[in-house]
Amino acid sequence: MTDLHMNALAAHQVIDHAQALDADLILQVGDFGFWPRSNSNAGQKYLRKVDARLAAVGLNLWFVPGNHEDWPALARRPIGEDGLRLISDQIREIPLGHRWRWGTTDWVGIGGAPSVDKHLCTEGLDWFPEEEVTE
């Protein structure tokens, strides 16, 4: 799944669908909606709602960040022993360049992209240079 953009209803639909499929984990790729510093605490409310639904159905969600995330706030979160960034009890971020193996397949998390709407944004508020992947 991709591009939830802090939409709790869409996240709940995905979680319910994953539960119906008896999934072990939800992997979300890009623009999860990590905005804990957003106005009116909307970002914190979103995280609480998604975490609560995940806990209720016994699932975890890992996400690769997209260009529309609060990258400095992500960087301040601790990284667990498994190499994943701790967001909540059920939610983990896959840091840039994190590698892991599922079965016989090696994976690497590479998130972010240049925002095409950068000219409409304010650096440090809703746009961050860290979103662009570099060498």
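Is His5 buried, partly exposed or exposed? His5 counts as partly exposed, because its relative accessibility is 41%. The structure described here is a predicted model.

## Overall fold and dimensions

The protein chain contains 3 helices and 6 strands. In sequence order, these elements follow the pattern α-β-α-β-α-β-β-β-β. Along its principal axes, the C-alpha trace of the protein chain spans about 45 × 35 × 25 Å.

The radius of gyration of the protein chain is 15 Å, which agrees with the value near 14 Å that a compact globule of 135 residues would have. Among the contacts in the protein chain with a separation of 6 or more, 65% are between residues 24 or more positions apart.

## Burial and surface

Of the 135 residues in the protein chain, 40% are buried. The surface exposed by the protein chain amounts to about 7,700 Å². Carbon and sulfur atoms supply 52% of that exposed surface.

## The segment before helix H1

His5 is located in the segment before helix H1, the helix that covers residues 8-20. The phi angle of His5 is near 45°, a positive value in a residue other than glycine. Most residues other than glycine have a negative phi.

Met6 also belongs to the segment before H1. Its phi is positive as well, at about 65°, although Met6 is not a glycine. With a relative accessibility of 26%, Met6 counts as partly exposed, because the partly exposed class lies between the limits of 20% and 50%.

## Ile15 in helix H1

Ile15 is part of helix H1. Where does Ile15 stand, buried or exposed? Ile15 has a relative accessible area of 1% and is therefore buried, since the buried class covers values under 20%.

Leaving out residues up to four places away in sequence, Ile15 touches Ile26, Val50, Arg53, Leu54, Val57 and Leu59. The C-alpha atom of Ile15 is separated by 11 Å from that of Ala52, and these two residues are 37 residues apart along the chain.

## Trp102 in strand S5

Strand S5 covers residues 99-102 and includes Trp102. Trp102 has a relative accessibility of 33% and so counts as partly exposed.

Which residues does Trp102 touch, not counting those up to four places away in sequence? The contacts of Trp102 are with Leu25, Leu27, Trp62 and Trp107.

## The segment after strand S6

Pro114 is placed in the segment after S6. The relative accessible area of Pro114 is 55%, so this residue is exposed, the exposed class being over 50%. Apart from its neighbours within four places in sequence, Pro114 is in contact with Asn67, Glu131 and Glu132. Between Pro114 and Asp31, which are 83 residues apart along the chain, the C-alpha separation is 12 Å.

Val116 likewise lies in the segment after strand S6, a strand that covers residues 105-108. At 78% relative accessibility, Val116 counts as exposed. Asn67, a contact of Pro114, is 9.8 Å from Val116, C-alpha to C-alpha, and 49 residues from Val116 in sequence.

## The largest pocket

How many residues of each class line the largest pocket? The lining divides into 2 nonpolar, 3 polar and 3 charged residues. The residues concerned are Trp35, Arg37, Ser38, Asn39, Asp70, Gly124, Leu125 and Asp126.

The volume of the largest pocket is about 170 Å³. Rolling a probe the size of a water molecule over the atoms shows where empty space is left.

Technical notes. Residues numbered from 1 in each chain as written. Predicted model: local features only at pLDDT ≥ 70, side-chain atom pairs only at ≥ 80, totals over all residues. Heavy atoms only, no water. 1 Å grid on protein atoms, 1.4 Å probe; cavity = no way out; pocket = protein on both sides within 12 Å on 5 of 7 lines; lining within 4 Å. Points joined across faces, edges and corners; volume = space filled by probe spheres on them. Nonpolar A, V, L, I, M, F, W, Y, C, P; charged D, E, K, R; others polar. Helix = DSSP H or I, 4+ residues; strand = E, 2+ residues; numbered from the N terminus. Rg over C-alpha atoms; globule rule 2.2 N^0.38 Å. Buried < 20%, exposed > 50% of the residue type's maximum accessible area, 1.4 Å probe, protein only. Contact = heavy atoms within 4.5 Å. Areas by Shrake-Rupley, 256 points an atom, 1.4 Å probe, with all protein chains shown as cover.
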